[in-house]
Structure formats: structure tokens, C-alpha cells
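Welcome! Please take a moment to look over the model below before reading on.

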Amino acid sequence: MNTGLHVVFGTGAIGLATADALRRRGRTVRLINRSGHAPVPHDIEVLGGDAGKADFAADAARGASVVYQTLNPPYSHWSEQFPALQAGVLSAAESTGARLVSMENVYMYGRPAGRPLTEDRGDAAHTRKGQLRAHMAQELLRAHRAGRVEVAIGRASDYFGPRGGAQSNLGDRVFPAAQHGKTATVFGNADQPHTYTYIPDIGEALAVLGEHADAPGEVWHLPNDPHTRTTRQLTDIIYRQAGQNRTKLRPMPSLLLRALGFINPTVRELLEMQYQFEEPFIVDSSKITQRLGISATPIDQAIAETLRSYTQEQISPVG
């Protein structure tokens, strides 16, 4: 069990969820981002700087027993920023002797081709971002096999939950709309089964990967509800829990996305990932449940907690 300092690179939704999980365990946490500011209690240290610079990353990780890589640069800057950020964090973990827990997605697998995604699936990405993710994952596993650093990799599907924001397909375009009885918009075919991973479950699982003796050297799919629903079914639950009599849902047409892509670089980068919503997209997480004992939060509870988080945001004082 790693009870020393835990250093989390990244203060987005996943980084903050990881910090929450570590704090529940009584761990000392240091957060790293570019600004040096984050919405966390005052007793959590937050350092600002560029993790892509090896000297800064090493200083930021000094004294750590576990380092967590939850950084996620803007979609439109992945190619030029992401490899350097990972290299900085990897070097920092190596220099301090810390275990490295890396947060990933499932882009490297490519199309599901009618089968659930499991950890033994080979890399078959046909997209630029998927190929980049595959290359970065292999870099980490090579470092582990070479004995340079202890690495555990966690992979999640599209996420939802508190702090999910506009990046989540089940985020800012859905929960506020449901609360106010308005029409929600989502990407892709809403009637295909699609795995969504709950953000607090991601944080909890990454914390376990930082401590469990069996975690290093392997890829772990972070816990998902074993009963995969369609995006429409999940949206129905959201509207029902929000007290609405009927769901108002409008999937965003591909032609509109392509048109928006001409003026919005983030939307333009989303286009190559639309294959995930064209067929059943099921991410199997039975390995982490069976071997490490981590299960997903029941979906009704996860949605209720997410709705509460949006309500709290609306009533929080400004300024």
C-alpha cells in the first residue's frame, strides 16, 4: 500500500475525481496544472507549470510514492502536446521511483466490429488520435518491462458525472436541459448501446491502481455498468430523475457536425471518432471487478449524484 505523497498531474474532471478518492483514503495529495490554481480545499497543494518540461515535472513529483497522469490537452492540440506531456510525467515518475498510474481512453482499439472491447484486444486504430494513444500506451508498457518505472494503465470509455462539462456527451448538453424540461443534444446515434464510465468510479479505480500490488504491468478497463444501455435509455433515466414527464432529445446530425467542423477545431477533431456511435460500443470491465474487486456505481445512483452536482453549481454563489 502506497501511503506516501500522491501527485496528480491534471486538474480536469478525472484529476479532481482521483484527488477526491485519495483524500477519502487519507492520502496526502499534490496537484499539478499549468495555472497553479484548482477548485480544491486550501490544504491541498497545487503547483503550476508545464509538465512537458522534464525539470519542472521532476520537481513537482519529488517525494511522490505514486504519480497519476490525468492530463488531457485540447483535442485540436493532441499531436503536438500530448507526447511531451506524457514523456515529462514518465520521466518524473522514473526519477523519483514512484509508481505511475496513467489514465487512457479506448481509442487505440479501433472499431469494435461487433465484439465488446476487452483488455486483450490488439491495437487496431484507424484514426490519428487512436494511433497516437496506441503509441503512447506502448511507450509506457515498454518502460515498465524495461524495469525503468512501475506502470499501471487505466482505460475508460466516454465519461459522465460531476464536472463532466461540455466534453461529456452526457454532460452540459443533457443534464441542465433535463432539469429545465428543454431539449438535450447528443452526438451520434442515440439508439446504439454505448458504454459510459462514471467519473467518480474512474477516480476511485485510479486510486486503487496506485495502491494494489497486482495492478502494475497491466491494462485495466475502469469499472462500467455491466448492463450497457443506449444513449437514449440513459437520457430517459436522466429526464425521469429530473422530474420530467417525457424526454426531449435531439441527436446532432453528422452533416451539421461536419459544417461546424469548418469553424470549430474541437468539433473538427470529433468527426473521426464518430464511429464509436455507429454500432454497439461496449467496454467490458469484468477484469478489474473480478481481480481487484472494483465495481461500477449503480447507474440510477450515478445519475442522481450527477444531477445533484448540476443543481449545486446553479445555486453556488458567484464572485
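What follows is a short walk through a pocket, two helix pairs and one further helix.

This is a predicted model, in which local features need pLDDT of at least 70, side-chain atom pairs count only at pLDDT 80 or more, and totals for chains, interfaces and linings use all residues. Residues are numbered from 1 along each chain as its sequence is written, and side-chain values use heavy atoms, without hydrogens and water.

Let us begin with the largest pocket, which holds about 1200 Å³ of space. A pocket here is an open set of points on a 1 Å grid over the protein atoms alone, where a 1.4 Å probe fits, with protein on both sides within 12 Å along at least five of seven lines; lining residues have an atom within 4 Å of a point. Of its 48 lining residues, Asn-72, Pro-73, Tyr-75, Tyr-159 and Gln-167 lie nearest the centre. Among the elements that give two or more residues to this lining are helix H1 (13–24) and helix H3 (78–96); helices are DSSP runs of H or I with at least four residues.

Both helices also have partners. The axes of H1 and helix H6 (residues 199–211) come within 7 Å and cross at roughly 60°. That makes H1 oblique to H6 (neither under 35 degrees, over 145, nor 65 to 115). For H3 and helix H4 (residues 128–145), the axes come within 11 Å and cross at roughly 15°. H3 is therefore roughly parallel to H4 (under 35 degrees).

Finally, turn to helix H7 (residues 231–241): its buried residues (under 20% relative accessible area, 1.4 Å probe, protein chains only) include Leu-234 and Ile-238. After H7 comes Gly-243, with a positive phi near 85°.

Notes:
Buried means under 20% relative accessible area, exposed over 50%, partly exposed in between (1.4 Å probe, protein chains only). Grid points are joined across faces, edges and corners, and a volume is the space filled by probe spheres set on the points. Axes are lines fitted to C-alpha atoms, for helices over the stretch in contact, and angles run from 0 to 180 degrees between N-to-C directions.
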